[in-house]
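Visitor: I'd like to know how the labels people put on a model like this are earned. Could you take me through a few of them?

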Amino acid sequence: MIEVIKPGLLTTVQDQGRWGYQGYGVGIAGAMDSFALSAANLLVGNPEGAAGLEITLLGPTLKFQGETLFSLTGADLTPRLDGIPLRNWTAHLAPSGSVLSFGGRRSGVRAYLAVAGGMDVPAVMGSRSTYLLGRFGGLEGRPLKAQDELPVGVSAAPWNHLMGRAFPENLRPPYQKNPRLRAILGPFHDFFPEEGIATFFSSNYTITPNSDRMGYRLQGNPVTRRKTGELITCGLANGTVQVPPDGQPIILLTDRQTIGGYPIIVTVIHADLPLLAQSAPGDVVRFTPVLPDEAREAYLALWGPLKNFPAS
Amino acid sequence: MEDRIPGVGETIPSYCSLLIFYDPFFLSLGQISSWLERLMDQDPPIVESHGAVKEIPVLYGGDSGPDLAFVAKHNNLDIEEVIQLHARETYLVYVVGFVPGFAAMGTVPKKIQTPRLPSPRTKVAAGSVGIGGMQTGIYAIESPGGWQLIGRTPLKLFDLHRHPPSFFQAGDYARFYSITEKEFLKISRSQNKNAKS
């Protein structure tokens, strides 16, 4: 069991998302940087789909009530165990009663904490992800608060030998400040005149403070649209970029609505979503057009080695 | 459809589109596209709609439907006429989505069509029935929303512990009927009792 002493800014239980219910309007939720959560799980001998904590900008203070193997990946929020600095992307052993805390943000936005055995909250519709809009999943459908008690599952494998294991740097996504995001054009690109598409791919867009797990609102040169007022409601993917009438793009992310009516100009490729999840308001992004085959190659190149990462 | 090809996950049907999620470790876009093209070359199977008309009790107006008076005024009708026109039609559920269980259906009679609010409410009560342009719809959970609210149903339209969790799915039919506040409370109580047992 883990006791929450301080909850941090926005700390939620997440796994790889709640799949299979979008036809009923239930969003996927899940980790914003699903790669970092997968890596955190593999480091402690969990399956990729186990539930961990997504920690946003200001980390929580957590007390381990029993001896626990844990790992931290994603953003570097200066983690410490009983005051001693911890390496990121590494598995550590927490003695019973030890306290995990965080300091200032050194890189990224979202850190992931996995524990051997996973966070053992009840699964709702097959997932332990917190769905903030629906107020279910995770811990009572809400972010952590002080005095919460997080149940930890029983680890299937012995884990003493996993202690100190690190996730190789060359296998991590190429995180960078102000990333260039590869994106596939369409399906409604004929809603935009050529100059609108040219503007979109040649401009810098700043991530605004009005950005969260539902989506990142961008600000930059407005993208002109050919038609106004007309809505084509269709399903939305992770990374879909909508352009509302004001021309300022919105990138839809894990807590997005399931369908939407603004014209879609591109979808950011899956392999580049971790870079976006670790970008903060004020950071600047640019888009580069790629073809679907390139998107698939990039996906396989990033996730393939993860699949082969030794479980123990 | 989900069962036919390994690697195809779930799909999101909408008015005139289908979003397909697939695993790139199993499939490429080329494979998916040629599979879809083959399907479209075949005579499409006749898909029977779910058929049954679901009857939805609604307490119109008052706190339950704060925009009913506006809808009436916008269309030069009195409130009673709006209720009668809204409850007369049988609607086809086009899509369930945006938020859990929200069912968008149509089309509403021209005489009561009303544009959405200029800026959405941050909080709409679960069960609220609204009009958005030529569609009518029901908010299954408390959520933000921009439709003109004309009434509210006591039916629980989204329930985590039910399978499927949503009362409606795309292809269903619905018809509304007007109830009193007393009936609203009675149905509401029986819904809660069912949820507990």
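Visitor: How many residues of chain A are in contact with chain B, and how many of chain B with chain A?

Guide: This is a predicted model, and in it 25 residues of chain A are in contact with 27 residues of chain B. A pair earns the word "contact" because the C-beta atoms lie within 7 Å.

Visitor: Which elements of chain A supply at least two residues of that side?

Guide: Strand E15 (234-235) and helix H4 (292-308) of chain A do. H4(A) gives the most, with five residues.

Visitor: What makes up the side of chain A that touches chain B, by class?

Guide: You get 14 nonpolar, nine polar and two charged residues there. Mind that Gly goes in the polar pile.

Visitor: What does the predictor say about the complex and about chain B?

Guide: The complex gets an ipTM of 0.90 and a pTM of 0.92. Chain B averages a pLDDT of 90, with 92% of the residues at 70 or above. Within chain B, helix H4 (residues 181-196) has the lowest confidence, a mean of 86, while strand E10 (residues 148-152) has the highest, at 98.

Visitor: Back to chain A. How do you know which domains are in contact, and what does each bring?

Guide: The domain assignment gives domain 1 (2-170) and domain 2 (180-308) of chain A. Domain 1 of chain A puts 20 residues into the contact and domain 2 of chain A puts in 14. On the domain 1 side, helix H1 (34-43), strand E5 (68-76) and strand E10 (107-115) of chain A each supply at least two residues. The largest share, four residues, comes from H1(A). By class, that side has ten nonpolar, eight polar and two charged residues.

Visitor: Why are E1 and E4 of chain A called paired strands?

Guide: Pairing takes at least two bridges, and strand E1 (residues 2-6) of chain A is joined to E4(A) by four, so the two count as paired. They run antiparallel, and A:Ile2 has A:Phe64 as its bridge partner in E4(A). E4(A) also pairs with strand E9 (residues 99-102) of chain A, again antiparallel, over two bridges. There, A:Lys63 has A:Val99 as its bridge partner.

Visitor: What makes A:Leu62 and A:Phe64 buried, while A:Thr61 and A:Lys63 are not?

Guide: Buried takes 20 or more other C-beta atoms within 10 Å, so A:Leu62 and A:Phe64 reach that mark while A:Thr61 and A:Lys63 do not. Along strand E4 (residues 61-64) of chain A, the buried pair points to one face and the other pair to the opposite one. In a regular strand, side chains alternate between the two faces of the sheet.

How values were computed:
Residues numbered from 1 in each chain as written. Chains lettered and ligands numbered in written order. Predicted model: local features only at pLDDT ≥ 70, side-chain atom pairs only at ≥ 80, totals over all residues. Domains from an automatic or database assignment. Contact = placed C-beta atoms within 7 Å. pLDDT = per-residue confidence, 0-100. Buried ≥ 20, exposed ≤ 12 C-beta atoms within 10 Å, placed from the backbone.
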